[in-house]
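Let's take a friendly look at how two helices meet and at the enclosed spaces inside this protein. Have the structure open beside you as you read.

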Amino acid sequence: MTVQEAALVLADGTTFEGEAIGAEPAGGVATGEVVFNTVLSGYQEVISDPSYAGQIITFTYPHIGNYGVTPDDDESTHPFCRGVIIRDLARRRSSWRSDADLDAYLKRFGVPGIAGIDTRRLTRHIRDAGAMPGAFGIADEITLKAAATAEPGTSGIDLVAEVTTPTPYFVGDGPRRVVAYDFGIKRTILRHLGRLATVEVVPASTSAADVVARAPDGVFLSNGPGDPEEVSYAIEAIKGLLAADVPIFGICLGHQLLSLAIGAETEKLSFGHHGGNHPVRNIATGAVEITSQNHNFAVVADSLRSIAEMTHVNLNDGVCEGLQVSGARAFSVQHHPEAGPGPHDASYLFEQFDSLMAGS
């Protein structure tokens with residue numbers, strides 16, 4: 001196999017040398033907002049999570065690709081991330097479940113990558129300086145620096161429009177009826193919801209009136225990418241659903257959109273939460289749950305005031321991880337209770353949604 005030299009250049013000029021893997025980017029340059037994820041396994045689920053639209057994923061775990069890939073682990077029809085950065089790409093896969101290696105997977109879906117990067121140094125830099133635009137590829141350093149500087153990142157952009165389904169579709173065969181907004185929904189979420197209900201997944205731009213007309217037992221607000229303040233159409237729809245007193249459960253971006261709909265505020269974190277090992281305390285029970293997370297924006301806890309009660313808090317940095325809307329049948333969490341990938345400590349939240357729909 002021929003090794004092709006490549007480089008990664010961040011917007012602040014920090015440069016890393018490596019080798020090209022995956023698909024060849026257009027013009028030899030891939031750009032996006034560079035973030036890091038700390039999962040030890042589950043790289044395929046991370047890469048195929050639509051919440052990474054607009055971003056380049058750095059894996060902090062050094063060996064990636066060890067067990068190959070399988071269609072069963074895809075979280076969407078194809079990856080939406082701009083690229084992947086890894087330390088060491090496994091030379092051979094070892095799993096009875098796999099049907100291809102990671103490099104072939106990246107090439108099949110047009111995802112560029114760069115390997116041989118000192119990901120420890122890169123991660124420490126992002127922790128100190130914050131997530132920032134970057135560019136990588138086989139182009140020269142001057143070209144990469146210009147591309148990184150021109151990359152807008154994820155603030156002030158509606159990335160949901162890039163990942164949402166164009167038409168409604170149904171999944172699951174549970175006894176209830178749920179309408180799920182697709183802001184970038186993951187298949188593992190749909191498997192959990194499908195045990196509770198027959199789920200109709202609808203485009204992100206679906207109005208509250210259209211949802212209410214479907215007479216659902218509950219509405220689910222999914223995860224998704226980017227800046228929640230730019231998804232104004234969804235915020236307006238959620239306001240309508242709250243007025244209609246429909247039971248609502250939101251996660252990740254859905255959590256942020258629900259908070260904006262009730263008048264709270266959101267902010268962009270320095271480098272976000274991306275990983276499968278974040279400790280979250282359930283305020284009501286005092287239990288500490290290890291959670292899966294993937295977000296750069298978060299709800300400002302102080303902005304909840306009397307409009308909602310904070311139900312969960314991140315023990316690493318005090319970020320709001322959950323809320324219950326005052327006087328409404330609506331709650332949400334910032335983390336991923338479906339855990340695709342990650343621990344299952346928070347899976348009880350789907351049962352909580354079922355109880356809310358049952359009126360208990």
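A crossing of two helices is called right-handed if the near helix is turned clockwise from the far one by less than a right angle, and left-handed if anticlockwise. Please keep in mind that this is a predicted model.

With that in hand, turn to helix 6 (residues 187-196) and helix 10 (residues 348-358), whose crossing is right-handed. Their axes lie 10 Å apart and pack at an angle of about 40°. Angles from 35 to 65 degrees fall in the oblique class, and the two helices are therefore oblique to each other. On the helix 6 side, the contact is made by Ile 189, His 192, Leu 193 and Leu 196, while helix 10 brings Phe 350, Phe 353 and Asp 354. By class, these contact residues comprise five nonpolar, one polar and one charged.

Now for the cavities. Searching the whole structure for cavities of 30 Å³ or more turns up two.

| Cavity | Volume | Residues nearest the centre |
|---|---|---|
| Largest | about 120 Å³ | Gly 224, Pro 225, Gly 226, His 295, Asn 296 |
| Second largest | about 80 Å³ | Val 46, Asp 49, Lys 186, Ser 292, Pro 341 |

Which element gives the most to the lining of the largest cavity? That is strand 16, with four residues. Helix 9 (253-261) also supplies at least two. The 16 lining residues divide into five nonpolar, ten polar and one charged.

Strand 16 also gives the most to the lining of the second largest cavity, with three residues, and helix 1 (43-47) gives two or more. Here the 14 lining residues comprise four nonpolar, seven polar and three charged.

Notes:
Residues are numbered from 1 along each chain as its sequence is written. This is a predicted model: local features need pLDDT of at least 70, side-chain atom pairs count only at pLDDT 80 or more; totals for chains, interfaces and linings use all residues. Side-chain values use heavy atoms; hydrogens and water are left out. Axes are lines fitted to C-alpha atoms, for helices over the stretch in contact, and angles run from 0 to 180 degrees between N-to-C directions. Angles under 35 degrees count as roughly parallel, over 145 as roughly antiparallel, 65 to 115 as roughly perpendicular and the rest as oblique. Contact means heavy atoms within 4.5 Å. Ala, Val, Leu, Ile, Met, Phe, Trp, Tyr, Cys and Pro count as nonpolar, Asp, Glu, Lys and Arg as charged, and the others, Gly among them, as polar. On a 1 Å grid over the protein atoms alone, a cavity is a set of points where a 1.4 Å probe fits but cannot get out, and a pocket is an open set with protein on both sides within 12 Å along at least five of seven lines; lining residues have an atom within 4 Å of a point. Grid points are joined across faces, edges and corners, and a volume is the space filled by probe spheres set on the points.
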